[in-house]
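Trainee: Got a minute to go through this model with me? I'd like to start with one spot and work outwards.

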Amino acid sequence: MDSAEQVQQPARPRRITAAMVAERAGVSVATVSLVANGKTAGRVSGENITRVREAISELGYVVDGIGSSLARGVSSIVILVAPDISNPFFAKVISGVRESLGPDYQLLLSVTDSGQFPKADDVRRLMSLRPAGLLVDAPNADFLADLSAAGPLVLLDAPGLAEFAPAVNLDVAHGARQLASHLAAQGHRTVAYVDSVTGTDTFAVRRGAFLTEAAALGITTPADGIIATTIDVGAAAAAFATSWTQWRREGVTAVVCGTDTHAYGVLQEARVAGVDIPGELAVAGFDDLPYSATSNPGLTSVHLPAAPLGLEAGAQLRRLMQGEALVQSEVTLESSLVVRGSTSAAADQLHAAAAPWDVTAPP
C-alpha cells in the first residue's frame, strides 16, 4: 500500500516539563520548582502561586520526585530486602512498613525466588538508586558482613545481629518454648519437625528453641525426623507424604512446622492419608496467619506480630533518615502460643463459641 494508506501510529504523549509550565505562567523555572515542591513561603507572591498552579493543572505537569531527590544526592526510595516472599507472613510485614513510612517515601522490594537467600551483590546494585534507607528482613551474619551498606539501615527479625545495625526482633524463642510445653502436656513424646530451606537465622532460632525445650521435657526427635522444604503448601505436603510412614513406625505423634504454610501442607496430606488430627497426629506451626483460625481443624500456631514488626522497623528507619537518634537500637516484640484444634480437640470445641485464645502457660 502507498504512504496514504499506511496506518498512522498514535503520537506519543509529549512530556510536560517545568520549562513549559514556566512559559505558560509567565514565571521562571525556579518559581515553578518552588511552587511544585511547596517552598513558596516568603519567596513567591500569591499571584504567581496561583498562575503556576493553574498552568500545572492545564498542562498536567507531574513533579519528578525521584529525579529531583537524586539531584540532591539521595532519593525518596526505601529498599526492603526480603528472602522468600512466597511466605504470606511477609505481606503483613510489608503492609506495616508501608504504613509507617507514609507518603514521603517510596517502598521498593528486593526479593528472591522461593527458597533462595538474597545476594549482597544484587542489593549493592540497587544502591545505585541512592536510597534514603534500607530494611533487611530475616538476614544472616554472612549476608550483612558482605553487604557493608552505608546509610540508614534497620534489620527485621534478625536475632543476634544487632552488632551490624539497629534491629526490630521477634521473641520467637518464647513462643517456641510454649509450644514444646503444650505438646508435652498433651502427652507427646516423639515429635518431627518440618523446617524452611531458606537458612535464615530466624528459622534456626525457632527450631533450636523448640527442640531444646522439647528435649528438656522428655520429647525426642527421630534421626530422620527433621526435614526442610521451601515455604510452599505443596512442597510440605509432598515431604510429609514421603516421611509419614517411617515417622509413624518411629512413634511420631506430633509434627511442628517452621511456618503455618508448611503446616497447611502437612494438614492437607494428613487428610488425604486418613490420619486423624489431632487424635493420631498433632500439627502446629509458626506465624499465626489469618487462615490458621479458620482451617479445619484450626491450626495451633506461635503468633508472631507481623504488622507491628513492619510498623516499628519503618518507624526506626524513618527516625534515622531524618537524622534523629534512636532511643533503643534493638526492639523486641513478644510472641505467644495460640492453641487450636490441630493439637487439642477441646480447643476446637471452645473455638466454636469463642475466638482463638492465647496460652500464657502450659494447659
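Mentor: Sure. R130 sits in the loop between α6 (120–126) and β3 (133–137). Helices here are DSSP runs of H or I with at least four residues, strands are runs of E with at least two, and both are numbered from the N terminus. This is a predicted model: local features need pLDDT of at least 70, side-chain atom pairs count only at pLDDT 80 or more, and totals for chains, interfaces and linings use all residues. Residues are numbered from 1 along each chain as its sequence is written, and side-chain values use heavy atoms, with hydrogens and water left out.

Trainee: Is R130 buried or exposed?

Mentor: R130 is partly exposed, at 41% relative accessible area. Buried means under 20%, exposed means over 50%, and partly exposed is in between, using a 1.4 Å probe and protein chains only.

Trainee: How far is R130 from V78?

Mentor: Their C-alpha atoms are 9.3 Å apart. Along the chain, R130 and V78 are 52 residues apart.

Trainee: Changing topic. How confident is the predictor overall?

Mentor: The chain averages a pLDDT of 85, and 85% of the residues score at least 70. pLDDT is the predictor's confidence in each residue, from 0 to 100.

Trainee: Where does pLDDT stay under 50?

Mentor: Over residues 350–363. The model has 23 contacts beyond four places in sequence for that stretch. A contact means heavy atoms within 4.5 Å.

Trainee: And the general layout?

Mentor: The chain has 13 helices and 13 strands. Buried residues make up 49% of its 363 residues. Take the contacts between residues at least 6 apart in sequence: 71% of them join residues at least 24 apart.

Trainee: Which residues touch the most other members of the largest nonpolar core?

Mentor: L135, L179, F210, W247, V255 and L281, out of 64 residues in that core. Helix α8 (residues 172–185) gives the largest share, with 7 residues. A nonpolar core is a set of buried Ala, Val, Leu, Ile, Met, Phe, Trp, Tyr and Cys residues joined through side-chain atoms within 4.5 Å.

Trainee: What does W247 touch?

Mentor: Leave out residues up to four places away in sequence. W247 then touches A192, V194, D224, G225, I227, F240, V252 and V255.

Trainee: How many cavities of 30 Å³ or more are there?

Mentor: The count is 1. The largest cavity has a volume of about 110 Å³. Of the 14 residues lining the largest cavity, N87, F90, T202, F203 and R206 are the closest to its centre. On a 1 Å grid over the protein atoms alone, a cavity is a set of points where a 1.4 Å probe fits but cannot get out, and lining residues have an atom within 4 Å of a point. Points are joined across faces, edges and corners, and a volume is the space filled by probe spheres set on them.

Trainee: What is that lining made of, by class?

Mentor: It has 6 nonpolar, 4 polar and 4 charged residues. Asp, Glu, Lys and Arg count as charged; Ala, Val, Leu, Ile, Met, Phe, Trp, Tyr, Cys and Pro as nonpolar; the others, Gly among them, as polar. α5 (89–101) and α9 (201–216) each supply at least two lining residues. The largest share, 3 residues, comes from α9.

Trainee: Which peptide bonds into P278 and P297 should I look at?

Mentor: The bond from I277 to P278 is cis, with omega near 5°. P278 lies in the loop between α11 (260–272) and β9 (282–287). The bond from N296 to P297 is also cis, with omega near 0°. P297 is in the loop between β9 and β10 (300–303).

Trainee: Why flag those?

Mentor: Because most peptide bonds are trans, and most residues other than glycine have a negative phi.

Trainee: So what about phi at D157 and D288?

Mentor: Phi of D157 is positive, near 50°. D157 lies in the loop between β4 (153–156) and β5 (167–171), and D157 is buried at 4%. D288 has a positive phi of about 60°.

Trainee: What does D288 touch?

Mentor: Beyond four places in sequence, D288 touches D260, S301, V302, H303, V338 and R340. D288 counts as buried, at 11% relative accessibility.

Definitions and conventions. 1 Å grid on protein atoms, 1.4 Å probe; cavity = no way out; pocket = protein on both sides within 12 Å on 5 of 7 lines; lining within 4 Å.
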